[in-house]
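Thank you all for coming; I would like to take a few minutes to walk through one model. Please have a look at the sequence and the structure first, and then I will go through the parts one by one.

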Amino acid sequence: MDLSHANHSNGSLDELDFSILMLLQEDGRMSFTVMAEKLGVSISNIRTRVGKLIDDKTIQIVGRVNPEKVGFHAYAHIKISVRPANLIESVAHKVMEFPEVSFLASTSGDFDLEVDVMCRDNSHLVEVVNERIARIEGVYQTKTDMYFKVLKLAQPDLSGLR
């Protein structure tokens, strides 16, 4: 298999890009030298590819924090209904700015937005939901589900795309 030719010009990823991404998911601190050895390509090729993957925002290199270990003990999923519907985008932009928000998506169904938040404790969660989110213009209704314990938090399995 020839892993040396990229297709970044048309925005698609090739086998080498996927292989690099999978190695980084396995160990985000893996050196370019180790990646090059595992994939049988040059270090400069790896360096160039990783640089392009970062530049085109395919990946971000970050340290993932275990929320519980650093003091977040109230983790919740909040569904938000917005009325009138033309305020959905405005509400989303305001919610997106909250530092407690770890995930935000617009959805179909009974609610317009779904949000995951990480809070210090239940009092902090109540403040976020009842005093901040509920007071945003257009928020009609919220429904909050608490996560008792996060059993798995993972990145997508890239091998499913090949």
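I will begin with how the model was treated, and then turn to charged pairs, the core, the surface and the backbone.

This is a predicted model, in which local features need a pLDDT of at least 70 and side-chain atom pairs count only at pLDDT 80 or more, while totals for chains, interfaces and linings use all residues. Residues are numbered from 1 along each chain as its sequence is written, and side-chain values use heavy atoms, with hydrogens and water left out.

Let me start with the record: UniProt, in an unreviewed entry, lists residues 13-73 as "domain: HTH asnC-type", and I would add that such annotations may be inferred rather than shown by experiment. In the model, this span is 54% helix and 0% strand, and its end C-alpha atoms lie 38 Å apart. When I speak of helices and strands, I mean DSSP runs numbered from the N terminus, with H or I over at least four residues for a helix and E over at least two for a strand.

Now to the charges, where a search of the whole structure finds 6 salt bridges, a salt bridge being a side-chain nitrogen of Lys or Arg within 4 Å of a carboxyl oxygen of Asp or Glu. One of them joins R49 and D14, at 2.9 Å from N to O, and this pair links distant parts of the chain, with R49 in helix α3 and D14 in the segment before α1, 35 residues apart. R49 also meets D17 in a salt bridge, again given as 2.9 Å from N to O; because D17 lies in helix α1 and R49 in helix α3, this pair ties together parts that are 32 residues apart in sequence.

Are these three residues buried or exposed? R49 counts as buried at 3% relative accessibility, D14 is buried at 9%, and D17 is buried at 0%, where buried means under 20% relative accessible area, exposed means over 50%, and partly exposed is in between, with a 1.4 Å probe and protein chains only. A further salt bridge, of 3.3 Å from N to O, joins K143 and D145; here K143 is partly exposed at 37%, and D145 is partly exposed at 30%. Salt bridges that share partners join D14, D17 and R49 into one network.

Next comes the interior. Which residues of the largest nonpolar core touch the most other members? They are I80 and V117, out of 21 residues, a nonpolar core being a set of buried Ala, Val, Leu, Ile, Met, Phe, Trp, Tyr and Cys residues joined through side-chain atoms within 4.5 Å. At least two residues of this core come from each of β1, α4, β3 and α5, and β1 supplies the largest share, with 5 residues.

In the loop between α3 and β1 we find V62, which is exposed, with a relative accessible area of 63%. The same loop is the place of K57, a residue that is exposed at 70%.

Finally, the backbone holds two details. As background, most residues other than glycine have a negative phi, and most peptide bonds are trans. K57 has a phi near 65 degrees, a positive value in a residue other than glycine, and a cis peptide bond joins R83 and P84, with omega about -10 degrees. P84 lies in the loop between β1 and α4.
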